[in-house]
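Student: I would like to study one part of this protein closely, namely its sheets. Could you please guide me through how the strands are arranged, and then turn to some features beyond them?

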Amino acid sequence: MEMKKAIVVGGSIAGLSCAHALITAGWTPVVIEKSAAPPEGSPTGAGLCLDPQALRLLNLWIKDPDLLLSTLPLSIDLNQVTDSEKKISWDLAKDENFGFRAAHWADLHRIIYKALPANIILWGHQFISFEVSDDKSAVKVQARAFDTGDMVEIVGDLLVAADGCLSSIRRHFFPDFKLRYSGYSAWRGVLDCSGQEHAEIISNLRKAYPEFGECLYFDLADKTHCVLYELKNKRINWIWYINMPEPELKQGSSVTMKVNDEMIENMHEEAEKVWVPELARVMRETKDPFINVIYDSNPLPQLFWDNVVLVGDAAHPTTPHGVRSTNMSILDAGILGHCLGKWGSKNMDSALREFQAIRLPVVSEQVLHARQMGRMKQGLVSFNPKEATLEECLLLLQRSMPYFEGVPLPI
């Protein structure tokens with residue numbers, strides 16, 4: 001029997017995870033990705049946190065020991081508050097059974113990509129359009145090769161939209177859809193401390209943040225907060241959220257904002273006012289920090305139409321405060337693959353209905369909860385970390401996330 005073909009638009013972690021899940025389900029995936037080549041040896045992106053269920057799925061697909069070796073355990077989730085004037089901090093809420101692992105985006109992407117069969121990814125191709133056949137039995141996708149300008153036409157049985165929070169495929173079904181600006185953006189960076197010249201930075205940081213190395217730190221100040229954790233090979237990942245009017249971005253291109261030397265210097269000066277000196281120094285020493293503009297969206301009413309399905313940030317753009325984006329993408333992939341495998345090639349509609357029934361309630365709750373966590377930590381709701389009750393502080397922990405202990409995973 002001829003294998004079913006799925007066309008996956010997007011070669012980031014969501015799309016590549018879908019490729020693995022589809023292969024496991026007996027499908028042939030073709031991935032369309034606009035980047036010219038995989039980010040080999042490039043420090044693209046920044047840190048992320050993997051939950052136990054996402055790790056379990058990755059281990060089903062990938063037998064590479066590097067998957068575990070490239071991550072660090074995060075056994076503690078700790079929220080604290082810093083007094084910017086006195087430069088002192090104290091704990092608000094702590095979970096010592098957190099059980100996540102920290103990874104660098106580029107490391108994880110490389111491992112997922114290398115475990116796929118050769119030649120299933122069309123690098124350097126821009127998705128242009130799709131068309132579902134009249135009898136709903138096939139979908140035709142057009143893409144353009146960046147290097148030659150040639151158009152490529154691919155026909156498959158299923159179109160998987162893993163094209164991110166700015167998804168053009170989602171726009172086809174929701175032409176008036178707009179992302180919701182959160183009210184804040186985030187400076188991000190990764191400081192490489194593997195060289196001897198930066199050795200004392202980590203040792204000093206551990207004095208200010210004693211659990212650093214096994215802890216996901218959330219440091220709250222007045223209407224702002226910072227995230228801090230260690231990555232493999234002595235790298236420090238940090239994110240600093242700052243309330244600001246919505247920046248002007250080039251329409252539909254990226255949620256990352258270009259920065260200049262003056263903006264970076266202003267950030268350094270402000271960091272010295274807000275944070276303890278050890279953290280401010282990490283920010284100052286980081287090369288090429290960048291700004292992510294933080295968006296999410298209200299939950300979508302559905303995730304599939306005929307033989308087109310949304311996954312990852314295309315399906316549920318979220319703020320980062322519940323460390324859900326990558327985890328939701330991997331779980332989307334795993335459950336999509338399970339449903340397709342369970343129902344077989346002749347019952348794709350039933351498979352996609354089950355996928356939607358399992359995932360839509362979960363991701364909808366998690367997106368809205370992450371939104372509320374961010375609003376609390378940024379002082380956009382009535383919450384003062386210096387005067388908060390224990391009950392309020394417990395809402396800051398990742399464990400307060402709906403389905404934290406696990407989502408429906410029939411795999």
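Tutor: The following account takes the sheets in turn and then considers selected residues elsewhere. Please keep in mind that this is a predicted model.

Let us begin with the sheet of eight strands. This sheet is open, and its strands follow the order β6-β5-β14-β15-β16-β13-β18-β17 with mixed pairing. At its edges stand β6 (88–95) and β17 (256–257), each of which pairs on one side only. As a general principle, the strands of a sheet pair through backbone hydrogen bonds, in either a parallel or an antiparallel manner. Within this sheet, strand β15 (residues 224–231) and strand β16 (residues 235–243) run antiparallel and are joined by eight bridges. Opposite L228 one finds W238, which belongs to β16.

Strand β15 also takes part in a contact between charged side chains. R206 and E230 form a salt bridge, with a distance of 3.4 Å from N to O. R206 belongs to helix α6 (residues 199–208) and E230 to strand β15, so that the pair links distant parts of the chain, 24 residues apart. In total, the structure contains 19 salt bridges.

A further open sheet consists of six strands, ordered β8-β2-β1-β12-β20-β19, and its pairing is likewise mixed. Its edges are β8 (121–123) and β19 (304–305); each has a single partner strand, so one side of each lacks a neighbour in the sheet. Here strand β1 (residues 5–9) pairs with strand β2 (residues 28–33) in the parallel sense, over five bridges. One pair of bridge partners consists of A6 and P29, the latter in β2.

Two further features deserve attention. F146 is located in the loop that lies between β10 (139–145) and β11 (151–156). Although F146 and H125 are separated by 21 residues in sequence, their C-alpha atoms are 5.8 Å apart in space. Leaving aside residues up to four places away in sequence, F146 touches K34, G124, H125 and Q126. Finally, E131 is situated in strand β9 (residues 125–132). Together with D134, D135 and E153, E131 forms a negative patch on the surface.

Notes: Residues are numbered from 1 along each chain as its sequence is written. This is a predicted model: local features need pLDDT of at least 70, side-chain atom pairs count only at pLDDT 80 or more; totals for chains, interfaces and linings use all residues. Side-chain values use heavy atoms; hydrogens and water are left out. Patches are made of residues with over 30% relative accessible area and no salt bridge: like charges are joined within 9 Å, nonpolar side chains (Val, Leu, Ile, Met, Phe, Trp, Tyr) within 5 Å. Accessible areas come from the Shrake-Rupley method with a 1.4 Å probe; for residues, only the protein chains shown count as cover. A salt bridge is a side-chain nitrogen of Lys or Arg within 4 Å of a carboxyl oxygen of Asp or Glu. Lys and Arg count as positive and Asp and Glu as negative; His and the chain ends are not counted. The place of a charge is taken as NZ of Lys, CZ of Arg, CG of Asp or CD of Glu. Helices (H or I, at least four residues) and strands (E, at least two) are DSSP runs, numbered from the N terminus. Two strands pair if DSSP finds at least two bridges between them. Contact means heavy atoms within 4.5 Å.
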